[in-house]
Amino acid sequence: MTATLERATAYRWRWPALFVILAAEVMDLIDAMITQIAAPTIQKEIGGSAGLIQWLVSGYTLAMAVGLITGGRLGDLYGRKRMFVIGALGFTVASLLCGVSMSPEMLIGSRVLQGLFGAVMIPQGLGLIREMFPPEEIGKAFGLFGPVMTISSVGGPVLAGWLVDADLFGTGWRMIFLINLPIGVAAVLAALRFLPEFRLSNATRLDLGGMVLVSAAAFLLIFPLIQGQEAGWPAWTFACMAGSVVMFALFGAYEARRQRSGKDPLVTPGLFRERAFTGGLVAGLSFFTGMIGLSLVFTLYVQEGLHFSPLKAGLASLPQAVGGVVGFGIAMALVAKLGRTLLQLGTLVMAAGAGVLGLTIHLAGLDIDAWQLAPGLALVGIGMGLTMAPFFDIVLAGVEPHESGSASGTLTAIQQLGGALGAALLGTLFFHLLTSRWSFGEAMQAMVAVEIGLLLLTCALSFLLPRHAREEPSH
């Protein structure tokens with residue numbers, strides 16, 4: 001089947017195929033988080049500067065951000081099954097390269113490869129689900145993503161900590177990457193057996209020029225933020241950041257010219273004339289920058305400042321993950337009624353939790369244990385679940401239905417870019433404060449204050465969003 005799947009008879013192997021897609025999601029979700037727990041150990045064993053810790057997160061998410069917009073179109077052009085298999089195989093090989101890396105440079109390069117192949121793999125699964133399942137089963141199929149994401153978010157940090165501490169077969173931190181090998185090989189073999197082929201006959205051509213411009217713009221922003229601290233902020237760091245602004249402007253002009261000439265742009269320029277969507281992008285950038293950045297520096301704080309083992313650090317983060325599950329569950333019951341108000345409540349609850357966390361650190365100093373951190377982290381998690389549950393649907397309600405595909409890809413890329421920016425920005429500020437003779441506790445409190453500011457900005461920007469998500473037409 002290369003054109004479409006018959007709707008009259010649902011695809012026979014749709015449920016086994018769904019579990020193949022979910023396995024790929026698990027690899028991606030866990031790999032996005034595990035290096036935060038393992039990063040201090042990796043740096044001590046493989047060498048490298050503090051920037052290595054930031055690049056382990058930023059390299060992956062930045063590559064994912066610039067690749068996601070194009071990843072879906074690759075499936076439309078060359079077949080979703082084919083691109084899923086290529087993405088999963090590449091992701092597995094990149095995981096092996098991470099696991100055998102002998103230098104910081106090789107490890108960072110392998111993480112970038114992971115992100116790029118992940119950006120090829122992940123979009124194919126969502127498209128395949130819509131083709132494999134009849135309308136009455138699509139909701140049930142997508143409903144399985146919630147539990148899978150929950151298990152990954154709760155278990156990922158603990159698994160990473162346990163693997164590092166267990167030192168299985170003498171591999172130490174390398175096992176957090178090597179564990180992908182059996183999962184990845186199984187996913188590739190199962191994909192070859194169970195996934196159907198699907199390719200659009202009217203697929204849009206790739207905008208390689210746009211991808212090069214936006215990749216360069218993002219790199220020119222993230223690279224000096226991470227490397228500038230160690231280099232002493234020479235003139236080239238500020239020149240790079242100024243160049244990033246120029247490159248983003250060139251990208252916008254290039255996309256507009258491409259659309260005027262009748263070609264398909266990487267990002268539809270008309271989206272940015274929608275106030276609600278533009279506000280949603282800035283709100284998303286602010287939210288995910290703070291969320292990922294705080295998560296990274298918290299891991300450094302508990303391991304380097306409080307001397308928690310990797311496993312204890314993973315367990316210390318559990319209240320936030322569990323709180324996220326609780327918040328998400330509450331949000332599902334209230335989202336239809338509250339709409340964007342739920343998102344605003346979520347950011348305020350998250351800010352309150354961050355405040356409790358900062359106050360706890362201030363009062364307890366370095367004489368603090370994981371259970372004392374739990375209340376603030378749990379509140380942060382609940383607020384995070386309340387915010388994220390309605391966020392994407394409400395932001396996308398601000399665009400026309402025919403633009404939703406491009407808007408969705410752009411919004412997901414902004415989420416990943418926010419993660420890269422958060423690791424770069426908050427990580428750099430955290431290390432700068434430590435080198436300026438601030439204690440770990442004082443530096444962590446400052447990061448909490450930055451996160452509260454970003455959450456309040458997100459809350460303020462949310463007033464630009466539609467009040468409710470767009471209702472789906474009934475089947």
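**Close-up 1. Leu89 and a nonpolar surface patch.** Leu89 is partly exposed, because its relative accessible area is 47% and the partly exposed class runs between 20% and 50%. This residue is found in helix α3. The model shown here, and in every view below, is predicted. Leu89 belongs to a nonpolar surface patch of about 580 Å². Its partners in the patch are Val93, Leu96, Leu97, Val100, Met106, Leu113 and Leu116. Two elements give two or more residues each to the patch: α3 (80-99) and α4 (104-132). The largest share comes from α3, with 4 residues.

**Close-up 2. Trp13 and Phe194, a tilted ring pair.** The structure has 15 aromatic pairs by the rule used here. One of them joins Trp13 and Phe194. Their ring centres lie 5.4 Å apart, and the angle between the planes is 55°. The pair is tilted. How far apart in the chain are Trp13 and Phe194? They are 181 residues apart. Trp13 sits in the segment before α1 (14-46). Phe194 sits in helix α8 (residues 180-194). Trp13 has 26% relative accessibility, so it counts as partly exposed. Phe194, at 21%, also counts as partly exposed. Trp13 has a charged partner too: Arg193 lies over the face of its ring. The distance from Arg193 to the ring centre is 4.7 Å.

**Close-up 3. Trp55 and Phe223, a ring pair between two helices.** The ring centres of Trp55 and Phe223 are 6.0 Å apart. Their planes meet at 40°, so the pair is tilted. Trp55 lies in helix α2 (residues 50-78). Phe223 lies in helix α9 (residues 208-231). The pair therefore ties together parts that are 168 residues apart in sequence. Are the two residues buried or partly exposed? Trp55 is buried, with a relative accessible area of 9%. Phe223 counts as partly exposed, at 27% relative accessibility. The pair is also part of a cluster, in which ring pairs link Trp55, Phe219, Phe223 and Trp236.

**Close-up 4. Trp236 and its contacts.** Trp236 is a member of the ring cluster with Trp55, Phe219 and Phe223. It lies in helix α10 (residues 235-260). At 36% relative accessibility, Trp236 counts as partly exposed. Which residues touch Trp236, leaving aside its neighbours within four places in sequence? They are Phe223, Pro224, Gln227 and Ala231. Take Pro224 as one case. Trp236 and Pro224 are 12 residues apart in sequence. In space, their C-alpha atoms are 8.1 Å apart.

**Close-up 5. Arg111 and Asp31, a buried salt bridge.** The whole structure contains 5 salt bridges. In one of them, Arg111 pairs with Asp31. The closest N and O atoms are 4.0 Å apart. Arg111 lies in helix α4 and Asp31 in helix α1. They are 80 residues apart in sequence, so the bridge ties together separate parts of the chain. Arg111 has 0% relative accessibility, so it counts as buried. Asp31 is buried as well, with a relative accessible area of 0%.

**Close-up 6. Glu304 and Lys44, a salt bridge across the sequence.** The side chains of Glu304 and Lys44 meet in a salt bridge, at 3.6 Å from N to O. Which helices does this pair tie together? Glu304 lies in helix α11 (residues 275-305), and Lys44 lies in helix α1. The two are 260 residues apart in sequence. Glu304 is partly exposed, with a relative accessible area of 27%. Lys44 is exposed, because its relative accessible area is 62% and the exposed class starts over 50%.

**Close-up 7. Lys312 and its two partners.** Lys312 forms a salt bridge with Asp369. The closest N and O atoms are 3.1 Å apart. Lys312 lies in helix α12 (residues 310-316). Asp369 lies in the loop between α14 (340-364) and α15 (370-396). The bridge therefore ties together parts that are 57 residues apart in sequence. Lys312 counts as partly exposed, at 33% relative accessibility. Asp369 counts as partly exposed, at 30%. The second partner is a ring. Lys312 lies over the face of Phe308, at 4.3 Å from the ring centre.

Note on methods: Residues numbered from 1 in each chain as written. Predicted model: local features only at pLDDT ≥ 70, side-chain atom pairs only at ≥ 80, totals over all residues. Heavy atoms only, no water. Phe/Tyr/Trp six-rings, centres within 6.5 Å; stacked < 30°, edge-to-face > 60°. Buried < 20%, exposed > 50% of the residue type's maximum accessible area, 1.4 Å probe, protein only. Lys NZ or Arg CZ within 6 Å of the ring centre and 35° of its normal. Patch = residues over 30% accessible without salt bridge, like charges linked within 9 Å, V, L, I, M, F, W, Y side chains within 5 Å. Areas by Shrake-Rupley, 256 points an atom, 1.4 Å probe, with all protein chains shown as cover. Contact = heavy atoms within 4.5 Å.
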